[in-house]
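I sat down with this one to look up its surface, its fold and its pockets. Here are my notes, in the order I took them.

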Amino acid sequence: MLEWAEEASAMWQYIVLFLLAAAPWMDVSLVVPLGVLWGLSPIWVSVVAFVGNFLLILILGLFFKQISEWRQARRAKRGITGPTKKETRSRAIWEKYGIPGLALIAPIFVGTDIAAVLALTFGASKIRVVGWMTVSLALWTIVFAVGSVYGFSFLNVI
């Protein structure tokens, strides 16, 4: 699917990675390993993935009210009345650990964008949600960059 991006120049590859990171449901857990696998600089891949994902979190924080109204209308149109599996899992994490726990666990279980929307839905302040999601995003970006570099080099992929 992204074969053309593998063949493209480095600049286009970084643009593709940025767009993927800024897309909903795409996290640094996918984008960083992909960029490292393409042979790009792990540092720049991490920066691009972080900025793209952070931009999405920031937009979600700024426009939460409008996004929430759209989401509720969409769910009503589909006939969804109860919480989804991800929402139930996020609620359990939220009740046990609060914003920090949800933010730090989110990239693995539900994704930072979904976790940010759910934390805002649960009543957290926009500033705290964006702040904790940023800390989590930075931490996980580093973890996935280091893990990708060492993991792929161990497997002799890069």
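**Entry 1: surface and overall build**

How much accessible surface does the protein have, and what share of it belongs to carbon and sulfur atoms? I looked that up first, keeping in mind that the model is predicted. The accessible surface comes to about 9100 Å², and carbon and sulfur atoms hold 70% of it.

Next I went through the secondary structure. I found eight helices and zero strands, so my sketch of the elements from the N terminus on simply reads α-α-α-α-α-α-α-α.

I then checked the overall dimensions. The C-alpha trace spans about 45 × 30 × 25 Å along its principal axes. The radius of gyration is 17 Å, which agrees with the value near 15 Å for a compact globule with 158 residues.

For burial, I noted that 41% of the 158 residues count as buried. I also looked at contacts with a separation of 6 or more: 68% of these come from residues 24 or more positions apart.

**Entry 2: the largest pocket**

I turned to the pockets next. The largest pocket holds about 540 Å³ of space. Its lining draws two or more residues from each of α4 (42-62), α5 (64-78), α6 (85-109) and α7 (112-121). Among these, α5 gives the most, with six residues.

Which residues lie nearest the centre of the largest pocket? I wrote down Trp25, Trp70, Arg71, Arg74 and Ile114, out of 18 lining residues. By class, I have ten nonpolar, one polar and seven charged residues in that lining.

**Entry 3: the second largest pocket**

The second largest pocket has a volume of about 150 Å³. I see at least two lining residues from each of α5, α6 and α7. Its lining includes Arg71, Arg75, Glu87 and Arg91, along with Thr81, Gly82 and Pro83. I also noted Leu118, Thr121 and Phe122 in the lining. By class, this lining has three nonpolar, five polar and four charged residues.

Arg71 is worth a mark in the margin. I have it among the residues nearest the centre of the largest pocket, and I find it again in the lining of the second largest pocket.

**Entry 4: helix α3**

Which residues of helix α3 are buried? In this helix (residues 28-37), I listed Val28, Val31, Val32, Pro33, Gly35 and Val36. I then followed what these buried residues pack against, and found α2 (10-22), α4 and α8 (126-154). Just after α3 I came to glycine 39, which takes a positive phi of about 90°.

**Entry 5: glycine 111**

Is glycine 111 buried or exposed? I placed this glycine in the loop between α6 and α7. Its relative accessible area is 7%, which is under the 20% cut-off, so glycine 111 counts as buried.

I looked at its surroundings too. Leaving out residues up to four places away in sequence, glycine 111 touches Asp27 and Ala106. I also checked the spacing to methionine 26: the two C-alpha atoms are separated by 7.6 Å, though the residues are 85 apart along the chain.

**Entry 6: two partly exposed residues**

My last stop was a pair of helix residues. Isoleucine 59 is found in helix α4. It is partly exposed, because its relative accessible area of 38% falls between the 20% and 50% cut-offs. I looked up its spacing to aspartate 113: they are 9.9 Å apart in space, C-alpha to C-alpha, and 54 residues apart in sequence.

Valine 143 lies in helix α8. At 39% relative accessibility, valine 143 counts as partly exposed. I paired valine 143 with serine 46, and the C-alpha to C-alpha distance is 9.9 Å, with their positions 97 residues apart in sequence given as the separation.

Technical notes. Residues are numbered from 1 along each chain as its sequence is written. This is a predicted model: local features need pLDDT of at least 70, side-chain atom pairs count only at pLDDT 80 or more; totals for chains, interfaces and linings use all residues. Side-chain values use heavy atoms; hydrogens and water are left out. On a 1 Å grid over the protein atoms alone, a cavity is a set of points where a 1.4 Å probe fits but cannot get out, and a pocket is an open set with protein on both sides within 12 Å along at least five of seven lines; lining residues have an atom within 4 Å of a point. Grid points are joined across faces, edges and corners, and a volume is the space filled by probe spheres set on the points. Helices (H or I, at least four residues) and strands (E, at least two) are DSSP runs, numbered from the N terminus. Ala, Val, Leu, Ile, Met, Phe, Trp, Tyr, Cys and Pro count as nonpolar, Asp, Glu, Lys and Arg as charged, and the others, Gly among them, as polar. The radius of gyration is taken over C-alpha atoms; the globule rule is 2.2 Å times the number of residues to the power 0.38. Buried means under 20% relative accessible area, exposed over 50%, partly exposed in between (1.4 Å probe, protein chains only). Contact means heavy atoms within 4.5 Å. Accessible areas come from the Shrake-Rupley method with a 1.4 Å probe; for residues, only the protein chains shown count as cover.
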